[in-house]
Amino acid sequence: MKFFIDTADLDQIKTAYSWGCVAGVTTNPSLYAKTGGKLADFEAHMVKIAEACPDVPVSAESTATTTEEMVAEGLRLAALAPNIVVKLPICAESLAATKELKKHGVDVNMTLIFTVPQALMACSAGARYVSPFVGRFDDIAEDGIDQLSAIVTAVKNYYGPEHTEIIAASLRTPNHVTQAALLGADIATVPFAAMEKCLHHPLTDAGLAAFEADWAKVSAAE
Ligand SMILES: O=C[C@H](O)COP(=O)(O)O
């Protein structure tokens, strides 16, 4: 399973990318709003992200509401940098836009996926990625991992990763990441704070401290 970083914060993206394990970036309008960015600067910000990690896909989300506008905005976003993927929330208009954008060679990441039928419709329209949300199910006292599992099973019955990859999204914890990997998601997109948590384990931290303390003894004995 690949790791994507789920943020629009350029510093967080650069830091996580420098770790060498980040294979993509996902953003959305809420994540961009969190950066304090202005509407007029949105496309320039997406270019900065795409240039900061030029060898991995960067999802930039359209906020258009009609198929025609989605296609136009999608073509504009895709032209900003060769590694930009157009993110569209699932609806009738975005399915049609996905089919059209595919004809132009533009990859679409279809987001706000909560059900198996939504995921299959996105694949069928030609989405390169589908993003089922986990945490938001947990937020309403349902089991997001169960829903993700059903989507992985159904999508893998009919489509391979060459056609559509599954991005487990709305992940909040290292355990979400573990579960997404065990059930066969192709990608986990992880917020920076959760990505940092994934680095640590109390035994790793204690082991590192012990190595440092013992090495200090060796050095002191010289
Ligand atoms: O855009 C996709 C995000 O992974 C959603 O995450 P969230 O539910 O924590 O806002």
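Let me start with the second largest pocket, which holds about 180 Å³ of space. Keep in mind that this is a predicted model.

Who lines that second largest pocket? Thr-27, Asn-28, Pro-29, Tyr-32 and Leu-39 do, along with Phe-42, Met-46, Glu-61, Thr-63 and Glu-73. By type, the lining splits into five nonpolar, three polar and two charged residues. Two helices take part here. H2 and helix H3, residues 42-52, each give at least two residues to this lining.

Now the largest pocket. Its volume is about 470 Å³. There are 25 lining residues. Nearest the centre of the largest pocket are Asp-6, Asn-28, Leu-31, Lys-34 and Pro-191. Asn-28 is a name to remember, since the lining of the second largest pocket includes Asn-28 too.

Which helices supply at least two residues each to the lining of the largest pocket? They are H2, residues 29-34, and H10, residues 192-199. H2 provides the largest share, three residues. H2 also gives at least two residues to the second largest pocket. As for residue types in the largest pocket, the lining has nine nonpolar, 10 polar and six charged.

What takes up the space of the largest pocket? The ligand does.

So let's turn to the ligand. Around the ligand sit Asp-6, Asn-28, Lys-87 and Phe-133, then Arg-136, Ala-169, Ser-170 and Arg-172. Sort this shell by type, and you get two nonpolar, two polar and four charged residues.

Three of the charged side chains deserve a closer look. Asp-6 puts a polar side-chain atom 2.6 Å from a ligand oxygen. For Arg-136, the distance from a polar side-chain atom to an oxygen of the ligand is 2.7 Å. For Lys-87, the matching value is 3.1 Å, again to a ligand oxygen. And how much of the ligand does the protein cover? On its own, the ligand has 310 Å² of accessible area, and the protein covers 83% of that.

To recap, the ligand occupies the space of the largest pocket. Asp-6 is among the residues nearest the centre of that pocket, and a polar side-chain atom of Asp-6 lies 2.6 Å from a ligand oxygen. H2 contributes to the lining of the largest pocket and to that of the second largest. That's the tour. Thanks.

How values were computed
Residues are numbered from 1 along each chain as its sequence is written. This is a predicted model: local features need pLDDT of at least 70, side-chain atom pairs count only at pLDDT 80 or more; totals for chains, interfaces and linings use all residues. Side-chain values use heavy atoms; hydrogens and water are left out. A residue is near a molecule or strand if one of its heavy atoms lies within 4 Å of it. A polar contact is a pair of N or O atoms within 3.5 Å; within protein, one must be able to donate a hydrogen and the other to accept it, and residues adjacent in sequence count only if both atoms are side-chain atoms. Accessible areas come from the Shrake-Rupley method with a 1.4 Å probe; for residues, only the protein chains shown count as cover. On a 1 Å grid over the protein atoms alone, a cavity is a set of points where a 1.4 Å probe fits but cannot get out, and a pocket is an open set with protein on both sides within 12 Å along at least five of seven lines; lining residues have an atom within 4 Å of a point. A molecule sits in a cavity or pocket if more than half of its atoms lie within 2 Å of its grid points. Ala, Val, Leu, Ile, Met, Phe, Trp, Tyr, Cys and Pro count as nonpolar, Asp, Glu, Lys and Arg as charged, and the others, Gly among them, as polar. Grid points are joined across faces, edges and corners, and a volume is the space filled by probe spheres set on the points. Helices (H or I, at least four residues) and strands (E, at least two) are DSSP runs, numbered from the N terminus.
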